[in-house]
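I opened this model today to look up how its helices pack and where its charged side chains pair up. My notes follow in the order in which I looked.

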Amino acid sequence: MAKGYWIGRIEVHDPQAYAQYVAANGPVYAKFGGRFLVRGGAFECVEGNSRDRNVVLEFPSYQAALACYHSPDYASVRELRQAGAMADLIVIEGFEGAQPGE
């Protein structure tokens, strides 16, 4: 079964409101088996457009990633994010095929 991922690009406009989101989201992600692979950090936009902050979460499956996003648990947390930031967020299924050179 392929893993699932959230890929988020975030533009924070209210750091205090966004900090509340950051403080509240961990238990929700953990409930669905999510873990951070990227949470902020240095980056260089080498093509296209970027936002202030980038996040990648990994879930045990694509279904778990979607279930987390659509859950009542995340709905209240999402409101905190929306109060403090604009985001582009996708939920995507991981790749399980052969890698280059295999």
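Before reading any packing angle, I noted that axes are lines fitted to C-alpha atoms, for helices over the stretch in contact, and that angles run from 0 to 180 degrees between N-to-C directions. I also kept in mind that this is a predicted model.

**Entry 1: helix 1 against helix 3**

I looked up helix 1, which covers residues 15–31, and helix 3, which covers residues 72–84, and found their axes 8 Å apart, at an angle of about 155 degrees. Angles over 145 degrees count as roughly antiparallel, and so helix 1 is roughly antiparallel to helix 3. I noted the crossing of helix 1 and helix 3 as left-handed.

I then listed who makes the contact: helix 1 contributes Ala-17, Tyr-18, Gln-20, Tyr-21, Ala-24, Asn-25, Val-28, Tyr-29 and Lys-31, while helix 3 contributes Asp-73, Tyr-74, Val-77, Leu-80, Arg-81, Ala-83 and Gly-84. Sorted by class, this contact of helix 1 with helix 3 holds 10 nonpolar residues, three polar ones and three charged ones.

**Entry 2: a charged pair between the two helices**

Lys-31 and Asp-73, both in that contact list, also form a salt bridge, with their closest N and O atoms 2.6 Å apart. Because Lys-31 lies in helix 1 and Asp-73 in helix 3, the pair ties together parts that are 42 residues apart in sequence. When I checked accessibility, Lys-31 came out as exposed at 58%, whereas Asp-73 is partly exposed, with a relative accessible area of 30%.

**Entry 3: salt bridges at Glu-58**

The structure holds five salt bridges, and I followed up those that involve Glu-58. Lys-3 forms one with Glu-58, the closest N and O atoms being 3.5 Å apart. Lys-3 sits in the segment before strand 1 (4–12) and Glu-58 in strand 3 (residues 53–59), so this pair ties together parts that are 55 residues apart in sequence.

Arg-35 forms a salt bridge with Glu-58 as well, and here the closest N and O atoms are 2.9 Å apart. This pair, too, links distant parts of the chain, with Arg-35 in strand 2 (residues 35–39) and Glu-58 in strand 3, 23 residues apart. I therefore recorded Lys-3, Arg-35 and Glu-58 as linked in a network of salt bridges.

Is Glu-58 buried or exposed? At 10% relative accessibility it counts as buried, because buried means under 20% relative accessible area. Its partners read otherwise: Lys-3 is partly exposed at 38%, and Arg-35 is partly exposed at 47% relative accessibility.

**Entry 4: the chain as a whole**

Last, I stepped back to the protein chain, whose secondary structure comes to three helices and four strands, running β-α-β-β-α-α-β from the N terminus on. Along its principal axes the C-alpha trace spans about 45 × 35 × 15 Å, and of the 102 residues in the chain, 30% are buried. Finally, I noted that among contacts between residues at least 6 apart in sequence, 79% join residues at least 24 apart.

How values were computed: Residues numbered from 1 in each chain as written. Predicted model: local features only at pLDDT ≥ 70, side-chain atom pairs only at ≥ 80, totals over all residues. Heavy atoms only, no water. Parallel < 35°, antiparallel > 145°, perpendicular 65-115°, else oblique. Left-handed = near helix turned anticlockwise from the far one by under 90°. Contact = heavy atoms within 4.5 Å. Nonpolar A, V, L, I, M, F, W, Y, C, P; charged D, E, K, R; others polar. Salt bridge = Lys/Arg side-chain N within 4 Å of Asp/Glu carboxyl O. Buried < 20%, exposed > 50% of the residue type's maximum accessible area, 1.4 Å probe, protein only.
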